Amino acid sequence: MAQLNPVERTALLTAALRAAETRREDRLYEDPYAAGLVGDAGPELLAEVRAATFPPDGPRTLPSTPDYNAIRTRFFDDLLRQAAQEPETSQIVLAPAGMDSRAYRLPWPAHIRYFEVDRPAVLDFKAERLRGARPRVDHRAVAVDLTAADWEERLIASGYDPAVPSAWLLEGLLYYIPEADAHRVLERVAAISAPGSHIAADIVNRAALALPQMSGLLDVFASWGCPWVFGTDEPEALFGRYGFDARAVQPGEPGADYGRWPDPVPPREVRDVRRVFFVHGRRR
């Protein structure tokens, strides 16, 4: 079986959280593939994150990871499906794809080409776990690391057309890579995104990387070898720098709540509080 490096433990965690969400009666979505994707690793990963998030000897100070993941998944589900309804948007790109199963679990219009970009080991692992499952879309796996010098060429060779609008999802990526790499990814995505293309991503603010009350969760990811290293207090400006007119919404705000976010959302001008942003916008 293909070997995954520590960063891909977060992809398995996402699958474990999606499997747990699918078992809830009040679930925000259904992912019938998640349990198979995470396999036997699921309970251990969930237990480690739950122990950090919900300490038995005190109040919760960390964001509720299960609720956050449920809201994030549903939010990006809705965005991608809405983008796919536009006749001019004919391409969806997940970069990195991780253990995502949207190509299999969601219905897609016939005009969509759906690209999953990730390291060869990740896509091989995923293919093993999904053996026998059929995607519900024209699906293209692009086995290349996003740090490679030629990933754009590999994507184009798989059928991606930079001249027509696309929809990009950078989910669970930007806070795991250094600031310079985050800028480079956005620059490279923008360079092959036609005007009118969609982009969506999640990102944390700078305080989320440094507040003492975040240490429980940050320590878990650091122990896995994938610490959070980048955050921004101005997500709209970050994406605007690369030609995207973007809006950022936080879990718990209108349109990103679904009745599940358990915490108050301080106004943006309040400093020294943890934040997660769901950024979405279009290429100018």
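**Thr 53 and the open sheet in a predicted model**

Leaving aside neighbours within four places in sequence, Thr 53 touches Arg 60, Leu 62, Pro 63, Ser 64, Thr 65 and Leu 217. The model discussed here is predicted.

Me: Is Thr 53 buried or exposed?
Reply: Thr 53 is found in helix α3, which spans residues 42–53. A residue is called buried under 20% relative accessible area. Thr 53 has 1% relative accessibility and therefore counts as buried.

Me: Which residue has its backbone oxygen 2.8 Å from a polar atom of the Thr 53 side chain?
Reply: The contact in question joins a side chain to a backbone oxygen. The two atoms lie 2.8 Å apart, and the oxygen belongs to Val 49.

Me: Which strands form the edges of the sheet?
Reply: The open sheet has 7 strands with mixed pairing, in the order β3-β2-β1-β4-β5-β7-β6. An edge strand here pairs on one side only, and this holds for β3 and β6.

Me: What is the handedness of the crossover from β2 to β3?
Reply: Strands β2 (residues 113–118) and β3 (residues 138–143) pair in the parallel sense over 6 bridges. Between them the chain passes through helix α6 (residues 120–129), and this β-α-β crossover is right-handed.

Me: Which residue in β3 stands opposite Arg 113?
Reply: Strand β2 covers residues 113–118 and pairs with β3. Within this pairing Glu 116 faces Ala 141, while the residue opposite Arg 113 is Asp 138.

Me: How many of the 15 residues of α1 are buried?
Reply: Helix α1 runs over residues 8–22 and reaches 21 Å from its first C-alpha to its last. The helix is largely enclosed by the rest of the structure, because its buried residues number 13 of the 15.

Technical notes: Residues numbered from 1 in each chain as written. Predicted model: local features only at pLDDT ≥ 70, side-chain atom pairs only at ≥ 80, totals over all residues. Heavy atoms only, no water. Helix = DSSP H or I, 4+ residues; strand = E, 2+ residues; numbered from the N terminus. Expected span 1.5 Å × (residues − 1). Buried < 20%, exposed > 50% of the residue type's maximum accessible area, 1.4 Å probe, protein only. Pairing = 2+ DSSP bridges. Right-handed = clockwise from strand over helix to strand, strands pointing away. Polar contact = N/O pair within 3.5 Å; in protein donor to acceptor, adjacent residues only side chain to side chain. Contact = heavy atoms within 4.5 Å.
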